[in-house]
Amino acid sequence: MSHSAAAGASGDTRHGLRIFLIWLPLAIIADLLIWFVWYPHLPPGRMSDQAQGQQFDIAVMAVLAAPVLLFVWVYFAYALVVWRRRPGDDEDGPPIHSNTRVQATWITATAVIVLGLFVFGTVQLIVPAGAGAGEGPSPTWVPNTNNTLQVQVIGQQWAFTYRFPQFGGMETTQLLLPMGEEVRFNVTSLDVIHSFWAYQLGVKADANPGVNNVAFAKPQQLGSFTVRCNELCGIWHGAMFNYGRVVTPAAFQVWARGLQLREARDGLLRDLPPYALTYDPTVIPQLGKDIVKVAGITGANGYYYPSQLQSGDPGDPVSP
Amino acid sequence: VSVPARVVTLLVAFALVTLGAVYVVAHFVVGNLPTVDYSHAASGGVVNVVLQEDPQNDSSSRPDWVSYFVMKPGANPGLQSSWVHTTLFSVPANTRVNMTILGYDGCTPPRNNFWTQVQGTMGGVMAFQQFKDTNKPMGPVHVTPTLNGWAHCAVGHTFAIPSLHLFVPVASPDASASLCSSSPCVAGPFALQKFSFMTPPHGGEFRWQCFVPCGGGYVDGNGGPMQTLGYMTGQMTVVGS
């Protein structure tokens, strides 16, 4: 090794040590702040098991990312201060040679971080019970209990309604859930694609017509949560939101039974279609031919509008 | 070309583009849909609002979609000039709205029969009466918490303000008669419907809409009037005191 190369190597070592000593306490402080101060306030909160899991995931990601980010910033600042051009210094910089130790460390560290996050993220996406995401009609990851409250979420332009098959199939625009009980959301749509996003519960599942998309959540805190459509679905997409509430199991039973009784009394339960996991968005098979006979006045021939209806076509409501 | 000429040309071109953009925004995006002002029509904490919904026809509703119309406060519903082709209206805050809807359109089954339940009205009910023609009632006034749109050809549309939890099926007229063919309708079979609700204590904008997909000629009835202000959706402006 030449004299200059040896000097450069020892100089690199000192710089590296300095950078490490600056970076290490900053990284420790940042991670402690993230874990103990920021973590409890990270979205989406701790209203359900799923939300709690997502909050944990975000905290872990932040704890891992902060040292990397700080290393880049420290290195950048150190380079600006130490290796800046001095007045009157017009010489070229020294030739750069590869440094096996630095390269090996970099490759190893980044590989461990990326592969670790890959495994961590994959596991966290499916445990527990799909992590609040829609798992499709046949969920692979389900809660370890048969005692789940079934809630059907029906998207339509521009509102969500909710059916409770365990309460006579009653339907409502309000979403109340019992604390501490596992909830199975069966999400579907009657028209276009919507997305059911119960933000504080950590639940998000697409609502597709003709598809049952299953997601799970276990509420852990009392209070209200926001339900928002997360898929652009028409002129009032931005207004397609409401608020749900997590209540005590006793209060939920009172509410659900009361609503079921009221809807039975008013005849609504009789008028609703039999509970199903999906509903045909174009045909109402429960209707007979009576409506169809009234051609020219229903505007729909008893069903819904064919997409290519032309003036003068049979069933065109404009036609005499 | 001289520098002043270039500067002037640039400024003129910039002004034209700016004016064009403003015109597009004002005309096509914001639109010139009128708002019928009921905010000064209240008396004793009550305001009477009158709407009508019409079938597709070839008259003043352009394009020929099903459409709501709003009556001018205190006007004569029997005159076409009383009706404004808009779905924007304003009402005062903390006021009882006595809503009257003249349903001239024929029946269309709601896609979700849940919307045939009356919700959010005072008493949880609405009253309707079908007329074969003007002043020719076909039966008594029905007061009901639901109007099954699947069992009977009785529901044409809905009037709903979701953020106020107000959902009301709008009755349709006798299915055997010919519908009104000239909008705004002042003759022909219709259903007279009434219900009341309270406006919130503070001002704000509240969208309202029909939940029956009634966009004739559009895929599954979802387009056209369902997606256009001035037809089957609109806004109720609540004016604070």
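A residue counts as buried when its relative accessible area is under 20%, as exposed when that area is over 50%, and as partly exposed in between, with a 1.4 Å probe and protein chains only. Good morning; I shall use that definition several times in this presentation.

The structure above is a predicted model, in which local features need pLDDT of at least 70 and side-chain atom pairs count only at pLDDT 80 or more, while totals for chains, interfaces and linings use all residues. Residues are numbered from 1 along each chain as its sequence is written, chains are lettered from A and ligands numbered from 1 in the order in which they are written, and side-chain values use heavy atoms, with hydrogens and water left out.

I begin with the aromatic rings. Rings of Phe, Tyr and Trp (its six-membered ring) form a pair if their centres lie within 6.5 Å; planes under 30 degrees apart count as stacked, over 60 as edge-to-face, and the rest as tilted. Over all chains, a search of the whole structure finds 31 such aromatic pairs. One of them joins Tyr104(B) and Phe190(B): the ring centres are 5.3 Å apart and the planes stand at 35 degrees, so this pair is tilted.

Where do the two residues of this pair lie in chain B? Tyr104(B) is in the loop between β6 (96-103) and β7 (126-133), whereas Phe190(B) is in strand β12 (residues 190-198); they are 86 residues apart, and the pair therefore links distant parts of the chain. A word on these labels: helices (H or I, at least four residues) and strands (E, at least two) are DSSP runs, numbered from the N terminus.

Are these two residues buried or exposed? Tyr104(B) has a relative accessible area of 3% and is buried. Phe190(B), at 8% relative accessibility, also counts as buried.

Please turn now to Trp115(B) and Phe211(B), an aromatic pair that is stacked, with 4.0 Å from centre to centre and 15 degrees between the planes. This pair, too, links distant parts of the chain: Trp115(B) belongs to the loop between β6 and β7 of chain B, and Phe211(B) to the loop between β13 (204-209) and β14 (233-239), 96 residues apart. Both Trp115(B) and Phe211(B) are buried.

Strand β7(B) deserves a closer look. Two strands pair if DSSP finds at least two bridges between them. Which strands does β7(B) pair with? With β12(B) there are 5 bridges, and the two strands run antiparallel. In β12(B), Phe190(B) is the bridge partner of Phe131(B); this is the Phe190(B) that forms the tilted pair with Tyr104(B). With strand β9 (residues 142-144) of chain B, β7(B) shares 3 bridges, again antiparallel, and there Ala127(B) stands opposite Val143(B). With strand β8 (residues 136-137) of chain B, it shares 2 bridges and runs antiparallel; Phe131(B) stands opposite Pro137(B) in β8(B).

I move to chain A. An open sheet of 5 strands has the order β3-β2-β1-β5-β8, with mixed pairing. Why is one side of β3 (170-172) and of β8 (213-217) left without a neighbour in the sheet? These strands stand at the edges, each with a single partner strand, so each has one side without a neighbour there. Direction ignored, neighbouring strands of this sheet are turned by 25 degrees against each other on average. Strand β1 (residues 148-156) and strand β5 (residues 182-189) of chain A are joined by 8 bridges and run parallel; Gly155(A) has Ser189(A) as its bridge partner in β5(A).

Chain A also holds an aromatic cluster, formed by Phe20(A), Trp23(A), Phe71(A), Tyr75(A), Tyr78(A) and Trp83(A).

Finally, the salt bridges. A salt bridge is a side-chain nitrogen of Lys or Arg within 4 Å of a carboxyl oxygen of Asp or Glu. How many salt bridges does the structure hold over all chains? There are 4. In one of them, Arg85(A) meets Asp90(A), with the closest N and O atoms 3.2 Å apart. Arg85(A) is exposed at 59% relative accessibility, and Asp90(A) is exposed with a relative accessible area of 64%. Glu171(A) and Arg163(A) form a salt bridge at 3.9 Å, N to O, and both residues are buried. Asp271(A) and Arg270(A) form another at 3.2 Å, N to O. In this bridge Asp271(A) is buried, with a relative accessible area of 4%, whereas Arg270(A) counts as exposed at 65% relative accessibility.

Technical notes
Axes are lines fitted to C-alpha atoms, for helices over the stretch in contact, and angles run from 0 to 180 degrees between N-to-C directions.
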